Amino acid sequence: MTSVAVLGGGVGGLTAAHELALRDFDVTVYESRREFGGKARSMPDPGSGTGGRQDLPAEHGFRFFPGFYRHVPDTMSRIPHGQNKVAHHLVSANSMLLAQGDGRNEIITPLRAPTSLDDLSTTVRFIWKIGTDVGVPPHELVAFAERLLTLLCSCDERRFGQWENLSWWEFMDADHRSTAFQKFLADGMTRTLVAAKAREMSARTGGLILC
């Protein structure tokens, strides 16, 4: 049996080790810290537990997997946990809440394609609310919606032949938009969803992931 050493027990290292082990390699993972998981693990916040309870977990990043993620849920579906698999612990989210500071109300939107007029109304209100709250001018919100509709209504030939060769930044004409548009709808959308750069990510990839 071939032996493999994996250096680092974060998500990347553990995933590599898991895939190799499934292929009958003898794998040893070396991690410099006391616990595996890297930035994906929960880290207790010292002194946050009261009344004899354990300290509260402090997360380094978000704990959700967008629907376009494929590899992480696939790996989870192949890792045993009790009578099931790790993937059985995933819970589908029906809505998204964005908290605001200064005592303002939360902004809520459904996380599924609108199936009723109420859903559609909520989605439209969300887009308008978040846009105006962060200072995006109304005419730029309309332009943003027009760009998304253009992408959605394009055939695959146009998506790959034209939009794949144009960055999300160029597709959104961000150079000629407001600072708020650039920050939240050009850069912010791509960084939030996939940690990608708007000036480098293709319009086809960025736009369809957003949709």
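**Reasons behind the labels**

User: Why do people call the pair Glu-146 and Arg-147 a salt bridge?

Analyst: Their closest N and O atoms are 3.3 Å apart. The cut-off is within 4 Å for a side-chain nitrogen of Lys or Arg and a carboxyl oxygen of Asp or Glu, so this pair makes the grade at 3.3 Å. Keep in mind that this is a predicted model. As for the general idea, side chains of opposite charge can pair when their charged atoms come close.

User: What makes Arg-147 count as buried or exposed?

Analyst: Its relative accessible area is 17%. Buried means under 20%, so Arg-147 is buried. Its partner Glu-146 has 38%, and that falls between the 20% and 50% limits, so Glu-146 counts as partly exposed.

User: How many salt bridges does a search of the whole structure find, and which residues do shared partners join into one network?

Analyst: The search turns up nine salt bridges. Shared partners link Glu-19, Arg-23, Asp-74 and Arg-78 into one network.

User: What makes Glu-19 a shared partner of Arg-23 and Arg-78?

Analyst: Look at both pairs. Arg-23 and Glu-19 meet at 2.9 Å, N to O, while the closest N and O atoms of Glu-19 and Arg-78 are 2.7 Å apart. Each value is within 4 Å, so both pairs are salt bridges.

User: Why can you say that the pair Glu-19 and Arg-78 ties parts together?

Analyst: Glu-19 sits in helix 1 (residues 11-22), whereas Arg-78 is in the loop between helix 2 (71-76) and strand 5 (80-81). These parts are 59 residues apart in sequence, so the pair ties them together.

User: What labels do Arg-23 and Arg-78 get for accessibility, and why?

Analyst: Arg-23 is at 51%, and exposed means over 50%, so Arg-23 counts as exposed. Arg-78 has 28%, and is therefore partly exposed.

User: How do you know what span to expect for helix 1?

Analyst: Helix 1 has 12 residues, and at 1.5 Å a residue the expected span is 16 Å. From first C-alpha to last, helix 1 reaches 16 Å, close to that expected value. Gly-13, Ala-17, His-18 and Glu-19 in helix 1 are buried, and what covers them includes strand 1 (3-7), strand 2 (26-30) and helix 2.

User: What makes Asp-24 worth a second look?

Analyst: Asp-24 has a positive phi of about 70° although it is not a glycine. Most residues other than glycine have a negative phi. You'll find Asp-24 in the loop between helix 1 and strand 2. At 58%, over the 50% limit, Asp-24 counts as exposed.

User: Which label fits Asp-173, and what is its phi?

Analyst: Asp-173 has a positive phi of about 50°, again without being a glycine. Its loop runs between helix 6 (168-171) and helix 7 (179-194). With 33% relative accessible area, Asp-173 is partly exposed.

User: How do you know whether helix 4 and helix 8 are roughly parallel or roughly perpendicular?

Analyst: Helix 4 (residues 138-153) and helix 8 (residues 203-210) pack at about 105°, with axes 10 Å apart. Angles of 65 to 115 degrees count as roughly perpendicular, so that is the label for these two helices. Phe-144, Leu-148 and Leu-151 in helix 4 meet residues of helix 8 including Ala-203 and Arg-204. By class, the contact has six nonpolar residues, one polar and one charged.

Conventions. Residues numbered from 1 in each chain as written. Predicted model: local features only at pLDDT ≥ 70, side-chain atom pairs only at ≥ 80, totals over all residues. Heavy atoms only, no water. Axes fitted to C-alpha atoms, helices over the stretch in contact; angles between N-to-C directions. Helix = DSSP H or I, 4+ residues; strand = E, 2+ residues; numbered from the N terminus. Parallel < 35°, antiparallel > 145°, perpendicular 65-115°, else oblique. Contact = heavy atoms within 4.5 Å. Nonpolar A, V, L, I, M, F, W, Y, C, P; charged D, E, K, R; others polar. Buried < 20%, exposed > 50% of the residue type's maximum accessible area, 1.4 Å probe, protein only. Expected span 1.5 Å × (residues − 1).
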